[in-house]
Amino acid sequence: MDTRRLRIVLPGGSGQVGSMLAAYFQERGHYVTVLTRGPYTASWQTVHWDGVNPGSWIETLEGADVCIHLSGRSINCRHTEQNRKALYDSRIGTTRLLGQVMSVLDNPPRVWLNASSATIYRHALDRDMDEATGEIGGGERISKRRRAPEKWDWAVKLVKDWEAAFFSAQTPRTRKVALRTSLVFGPAPGSVFEVLSNLVRASLGGNQGSGRQYVSWIHETDYARAVEFLIDHEGIEGPVNLTAPNPLPNREFMQALRNAWDVPNGLPAPALFIKIGAIFMRTEPELVLKSRRVVPGRLLDAGFNFQFPAWASAAEDLVRQWRARSS
Ligand SMILES: NC(=O)c1ccc[n+]([C@@H]2O[C@H](COP(=O)([O-])OP(=O)(O)OC[C@H]3O[C@@H](n4cnc5c(N)ncnc54)[C@H](OP(=O)(O)O)[C@@H]3O)[C@@H](O)[C@H]2O)c1
């Protein structure tokens, strides 16, 4: 990595991924600033913004080296009209605002990484989706008789609009990379790893849906290392898939998680059960039932080495970390 101390600004960096990245870069000696609607307490600098209007927070970006924009209302909710507006505005609105601000800075960051999602690709059981040959979703068939539900299409459109707002920003002096991220697995409380682990430990961690749908995932250590790699590699711009190279069917994914926890069996959850359960859990079944078979073509081509390329060893590491933290 660049041995200089970098000034790294993370709008929306108070959440799961942002807190992990902020700690990662601070440990390596960089100056980290999180823009938050907060306030909240952290060992790095936090500066107030409202995500809607320009304000004195703009000064944090003047002369900064890197902007990593992570704002977004959690996708883990029912996609009602009201929530759709919040999901949209918190991603597209904040991205547009940053674009406007960066276009008038005297010394804008030399690189802007913007959150995006691997959900942009179609429901894929048949083949891997990389950046070059992957097909963008929307309106695809999910079986001979059925098209993808409207809610899946809407989630794809959300990500397409998010990237469009990002790439249309007029920032000629700033390199831009959209982080098409799959599920990020870390041991923090409230994370998707904890949710799935709780199911497994209650012997409820069997196949979800048919179990044939693929799960794309990335260990948080590799996510942070990949972000660092993208900051360093000045030739890389455009969309980049941030996901481990080995997505796997849900059946195998849950089996490996059960093995990591030494839990021999798990009650399966058929699709109908997931759909009904999602209503009670105030979430969307798409998060589990859509097949995400996404691979990191550009990172691998550029020579990035994953520390956790396989889910079994990633799950073992996360269980180890979780146990160390709880003992
Ligand atoms: N975690 C994953 O597995 C994953 C996978 C794919 C993509 N992503 C994307 O990566 C980004 C970061 O993920 P994360 O898991 O760290 O998300 P998170 O924990 O939900 O945090 C996102 C941050 O966005 C800010 N935010 C929420 N609602 C907002 C609003 N209405 N207006 C402005 N800011 C708002 C919040 O910061 P303040 O309250 O401090 O302002 C929050 O801490 C998100 O955009 C997410 O969609 C994450």
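Two residues are taken to be in contact if their C-beta atoms, placed from the backbone, lie within 7 Å. By that yardstick, Arg141 touches Arg146 and Arg147, leaving aside residues up to four places away in sequence. Keep in mind that this is a predicted model. Here's a quick tour, taking in the ligand shell, strand β5, helix α7 and a few backbone oddities.

**Around the ligand**

- There are 24 residues around the ligand, and the ones that come nearest are Gly15, Thr36, Gly51, Gly72 and Ser90.
- Two helices, α1 (16–27) and α3 (81–103), and two strands, β5 (111–117) and β7 (183–185), are the elements that each give two or more residues to this shell.
- By residue type, the shell splits into 15 polar, seven nonpolar and two charged residues.

**Strand β5**

- β5, one of the contributors to the ligand shell, is mostly covered, with seven of its seven residues buried.
- In a regular strand, side chains alternate between the two faces of the sheet.
- In β5 both faces are covered: one side has Val111, Leu113, Ala115 and Ser117, the other has Trp112, Asn114 and Ser116, and all are buried.
- β5 pairs with strand β4 (residues 66–69) in the parallel sense, over four bridges.
- As for who sits across from whom, Val111 in β5 is the bridge partner of Val66.

**Arg141, after β5**

- Arg141 belongs to the loop between β5 and α4 (150–167).
- Arg141 counts as exposed because it has just 11 C-beta neighbours inside 10 Å, and the cut-off for exposed is 12 or fewer.
- Arg122 is 19 residues from Arg141 in sequence, and the two are 9.2 Å apart in space, C-alpha to C-alpha.
- Add the contacts with Arg146 and Arg147, and you have the arginine neighbours of Arg141 noted here.

**Helix α7**

- α7 (residues 250–261) is 12 residues long and reaches 17 Å from its first C-alpha to its last, close to the 16 Å expected at 1.5 Å a residue.
- Its buried residues are Asn250, Phe253, Met254, Leu257, Arg258 and Ala260.
- Look down the axis of α7 and those buried residues fall within an arc of 160 degrees, so they line one face of the helix.
- The general rule behind that kind of pattern is that an α-helix has 3.6 residues a turn, so residues three or four places apart point the same way.
- The buried residues of α7 pack against α5, β8, β11 (248–249) and α11 (311–326).
- Right after α7 comes Asp262, with a positive phi near 60 degrees.

**Backbone oddities**

- Gly38 and Pro39 are joined by a cis peptide bond, with omega about 15 degrees.
- Pro39 is found in the loop between β2 (31–36) and β3 (45–48).
- Ser203 isn't a glycine, yet its phi is positive at about 60 degrees.
- You'll find Ser203 in the loop between α5 (192–201) and β8 (214–215).
- With 13 other C-beta atoms within 10 Å, Ser203 is partly exposed.
- Arg282 isn't a glycine either, and its phi is positive too, at about 55 degrees.
- Arg282 lies in the loop between α8 (271–280) and α9 (286–289).
- Arg282 has 11 other C-beta atoms within 10 Å, so it is exposed.

Notes
Residues are numbered from 1 along each chain as its sequence is written. This is a predicted model: local features need pLDDT of at least 70, side-chain atom pairs count only at pLDDT 80 or more; totals for chains, interfaces and linings use all residues. A residue is near a molecule or strand if its C-beta atom, placed from the backbone, lies within 6 Å of it. Ala, Val, Leu, Ile, Met, Phe, Trp, Tyr, Cys and Pro count as nonpolar, Asp, Glu, Lys and Arg as charged, and the others, Gly among them, as polar. A residue is buried if 20 or more other C-beta atoms lie within 10 Å of its own, exposed if 12 or fewer, and partly exposed in between; C-beta atoms are placed from the backbone. The expected span of a helix is 1.5 Å times one less than its number of residues. The arc is that of the directions from the helix axis to the C-beta atoms. Two strands pair if DSSP finds at least two bridges between them.
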